[in-house]
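Subject: Structure handover and findings

Dear colleague,

Here is the structure I promised to pass on, with the sequence alongside. Please open it before reading further, since my notes follow residue by residue.

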Amino acid sequence: QVQLVESGGGLVQAGGSQRLSCAASGSIFSINVMGWYRQAPGKQRELVANIHSVGSRNYADSVKGRFTISRDNAKNTVYLQMNSLKPEDTAVYYCNVKSLVVTQWRESWGQGTQVTVSS
């Protein structure tokens with residue numbers, strides 16, 4: 001089981017920047033995907049960005065060009081650099097890790113951190 005602890009949430013002005021961090025501990029297998037999801041009130045949880053253990057990245061269309069995901073494998077930590085923030089980015093952001101264990105993907109979730117962008 002993988003345990004995830006997020007940090008870096010808070011209040012930020014529109015147009016500003018913020019960086020989220022997620023530190024993972026436990027059994028992390030070599031083939032894995034670390035990423036961030038978010039959920040706004042009344043909306044479905046959506047993928048924001050993720051990064052594979054080989055380095056490939058994926059972003060939601062709404063954040064392309066503004067957000068950057070990265071990871072430090074030595075620290076088992078994934079980061080989300082958020083620039084040019086908009087009020088629409090306001091949500092609870094959740095860290096997620098999926099690991100390939102033998103033949104199945106296993107996933108873990110963080111508790112979530114609130115990001116609020118004021119207009």
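In this predicted model, asparagine 96 is found in strand S9, which covers residues 91-101. With a relative accessible area of 2%, asparagine 96 is buried, because that value falls under 20%. The side chain of asparagine 96 reaches the backbone oxygen of serine 108 at a distance of 3.5 Å. Leaving aside residues up to four places away in sequence, asparagine 96 touches Leu4, Val33, Met34, Gly35 and Tyr37, and also Glu107, Ser108 and Trp109.

Strand S9 also carries one member of an aromatic pair, tyrosine 94. Across the whole structure, a search finds 2 aromatic pairs. One of them is formed by tyrosine 94 and tryptophan 109, whose rings stand edge-to-face, 6.5 Å centre to centre and with 85° between the planes. This pair links distant parts of the chain, since tyrosine 94 lies in strand S9 and tryptophan 109 in strand S10 (residues 104-109), 15 residues apart. As for accessibility, tyrosine 94 is buried, with a relative accessible area of 14%, whereas tryptophan 109 is partly exposed, with a relative accessible area of 33%. Tyr37, Tyr94 and Trp109 form one aromatic cluster, and both Tyr37 and Trp109 are among the residues that asparagine 96 touches. Tryptophan 109 has a charged residue over its ring as well: arginine 45 lies over the face of tryptophan 109, at 4.8 Å from the ring centre. Elsewhere, arginine 19 lies over the face of tyrosine 79, at 4.1 Å from the ring centre.

The next topic is the charged pairs. A search of the whole structure finds 5 salt bridges, and I describe some of them here. Which residue forms a salt bridge with aspartate 89? Arginine 66 does, with the closest N and O atoms 2.8 Å apart. The pair links distant parts of the chain, with arginine 66 in the loop between strand S6 (57-59) and strand S7 (67-72), and aspartate 89 in the loop between strand S8 (77-82) and S9, 23 residues apart. Both partners are buried: arginine 66 has a relative accessible area of 10%, and aspartate 89 has one of 2%. Salt bridges that share partners join Arg38, Glu46, Arg66 and Asp89 into one network.

Within that network, the side chains of arginine 38 and glutamate 46 meet in a salt bridge of 2.9 Å, N to O. Arginine 38 is buried, with a relative accessible area of 5%, while glutamate 46 counts as partly exposed at 35% relative accessibility. A further salt bridge brings together the side chains of lysine 64 and aspartate 61, at 3.0 Å, N to O. For that pair, lysine 64 counts as partly exposed at 49% relative accessibility, and aspartate 61 is exposed, with a relative accessible area of 63%.

Arginine 66 deserves a second look through its surroundings. Not counting residues up to four places away in sequence, arginine 66 touches Gln81, Met82, Asn83, Ser84, Leu85, Lys86 and Asp89. To take one of these neighbours, arginine 66 and lysine 86 are 20 residues apart in sequence and 10.0 Å apart in space, C-alpha to C-alpha. With aspartate 89, the side chain of arginine 66 also makes a polar contact of 2.8 Å.

Finally, a word on strand S11, which spans residues 113-118. Which residues of S11 lie on the covered face, and which on the uncovered one? Thr113, Val115 and Val117 make up the covered face, and Gln114, Thr116 and Ser118 the uncovered one. Strand S2 (residues 10-13) runs parallel to S11 and is joined to it by 4 bridges, with glycine 10 standing opposite valine 115. Strand S9, by contrast, runs antiparallel to S11, and 3 bridges join the two; here tyrosine 93 stands opposite threonine 113. Strand S9 thus comes up again at the end of these notes, as the strand that also holds asparagine 96 and tyrosine 94.

With best regards

Conventions:
Residues numbered from 1 in each chain as written. Predicted model: local features only at pLDDT ≥ 70, side-chain atom pairs only at ≥ 80, totals over all residues. Heavy atoms only, no water. Buried < 20%, exposed > 50% of the residue type's maximum accessible area, 1.4 Å probe, protein only. Polar contact = N/O pair within 3.5 Å; in protein donor to acceptor, adjacent residues only side chain to side chain. Contact = heavy atoms within 4.5 Å. Salt bridge = Lys/Arg side-chain N within 4 Å of Asp/Glu carboxyl O. Pairing = 2+ DSSP bridges. Phe/Tyr/Trp six-rings, centres within 6.5 Å; stacked < 30°, edge-to-face > 60°. Lys NZ or Arg CZ within 6 Å of the ring centre and 35° of its normal.
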